[in-house]
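Me: I have a model open and would like to learn how to read it. Could you walk me through a few features, one at a time?

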Amino acid sequence: MKTAFIPNFTGKRWLKISLRSLHILGIAGVFSSVITATPMAFYWLLAISSGVGLLVLEAFSNILWFVQVRGLVIYIKLALLSGTFYYPQWAWHLLVVMILLSGVISHAPSSVRYFSFLHFKKIKSIDDIKG
């Protein structure tokens, strides 16, 4: 079974670093927008578009991402992001939780990030599912 729909390519690492940096800038602007109650659509657009870019790049570089904890955290963050629109009075709190989740999962050991909630073990490739 093929797990990578986006193969490795020259510059992929730098693309991910660039998208991640733009995403952090966007989230900082969104957080500022929420705290000051000042509409800053540019930062929302930057955060969402760079986030979608990262999601597509990560998920389709290895579709096992969809069943790993690192993917699960993104599902949770998307739910929290939706909450900022439905419950704007809680937006600040929801964004803080999203930032904390991001920091924890990005610095967690691979045994946590690559743990499959479907297979109940660490999987990095299709071969890890067998046995």
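**Aromatic rings first**

Reply: Gladly! Phe5, Phe60, Trp65, Phe66 and Tyr75 form one aromatic cluster. Keep in mind as we go that this is a predicted model.

Me: How is a pair of aromatic rings described?

Reply: The general idea is that two values describe such a pair: the distance of the centres and the angle of the planes. In this structure the count comes to seven aromatic pairs. One of them is Phe5 with Phe60, an edge-to-face pair at 6.4 Å centre to centre with 65 degrees between the planes. Phe60 belongs to helix 2 and Phe5 to the segment before helix 1, so this pair ties together parts that are 55 residues apart in sequence.

Me: What geometry do the rings of Trp65 and Tyr75 have?

Reply: Their centres are 6.2 Å apart and their planes lie at 80 degrees, so Trp65 and Tyr75 are edge-to-face. This pair links distant parts of the chain, with Trp65 in the loop between helix 2 and helix 3 and Tyr75 in helix 3, ten residues apart.

Me: Are these residues buried or exposed: Trp65, Tyr75 and Phe60?

Reply: Look at the relative accessible area, where under 20% means buried and over 50% means exposed. Trp65 has 4%, so Trp65 is buried. Tyr75, at 32%, is partly exposed, and Phe60, at 31%, is partly exposed too.

Me: What lies over the face of Tyr114?

Reply: That is Lys124, at 4.7 Å from the ring centre.

**Helices and their sides**

Me: What span should helix 4 have, at 1.5 Å a residue?

Reply: Helix 4 runs over residues 91-107, so its 17 residues should span 24 Å, and the end C-alpha atoms are indeed 24 Å apart. You can try the comparison on helix 3 as well: its 18 residues reach 26 Å from first C-alpha to last, close to the 26 Å expected.

Me: Which residues of helix 4 are buried?

Reply: They are Ala91, Leu94, Leu95, Met98 and Ile105. These residues cover an arc of only 100 degrees around the axis, which puts them on the same side of helix 4. Turn to the other side of helix 4 and you will find Leu100, Val104 and His107 exposed.

Me: What covers the buried residues of helix 4?

Reply: The cover includes helix 1 (12-36), helix 3 (69-86) and helix 5 (110-113).

Me: Where does Val97 fit in?

Reply: Val97 lies in helix 4. With a relative accessible area of 37%, Val97 is partly exposed. Its C-alpha atom is 8.4 Å from that of Lys77, although Val97 and Lys77 are 20 residues apart along the chain.

Me: What do the buried residues of helix 3 pack against?

Reply: Helix 2 (41-61), helix 4, helix 5 and strand 1 (115-116) take that role. The buried residues of helix 3 include Val69, Val73, Lys77, Leu80 and Leu81.

**A single residue**

Me: Which residues is Ser33 in contact with, leaving aside its neighbours within four places in sequence?

Reply: To read a contact list, start by placing the residue. Ser33 is found in helix 1 and is buried, with a relative accessible area of 7%. Beyond those sequence neighbours, Ser33 is in contact with Thr38, Pro39, Met40 and Trp44.

Key: Residues are numbered from 1 along each chain as its sequence is written. This is a predicted model: local features need pLDDT of at least 70, side-chain atom pairs count only at pLDDT 80 or more; totals for chains, interfaces and linings use all residues. Side-chain values use heavy atoms; hydrogens and water are left out. Helices (H or I, at least four residues) and strands (E, at least two) are DSSP runs, numbered from the N terminus. The expected span of a helix is 1.5 Å times one less than its number of residues. Buried means under 20% relative accessible area, exposed over 50%, partly exposed in between (1.4 Å probe, protein chains only). The arc is that of the directions from the helix axis to the C-beta atoms. Contact means heavy atoms within 4.5 Å. Rings of Phe, Tyr and Trp (its six-membered ring) pair if their centres lie within 6.5 Å; planes under 30 degrees apart count as stacked, over 60 as edge-to-face and the rest as tilted. A charge sits over a ring if NZ of Lys or CZ of Arg is within 6 Å of the ring centre and within 35 degrees of the ring normal.
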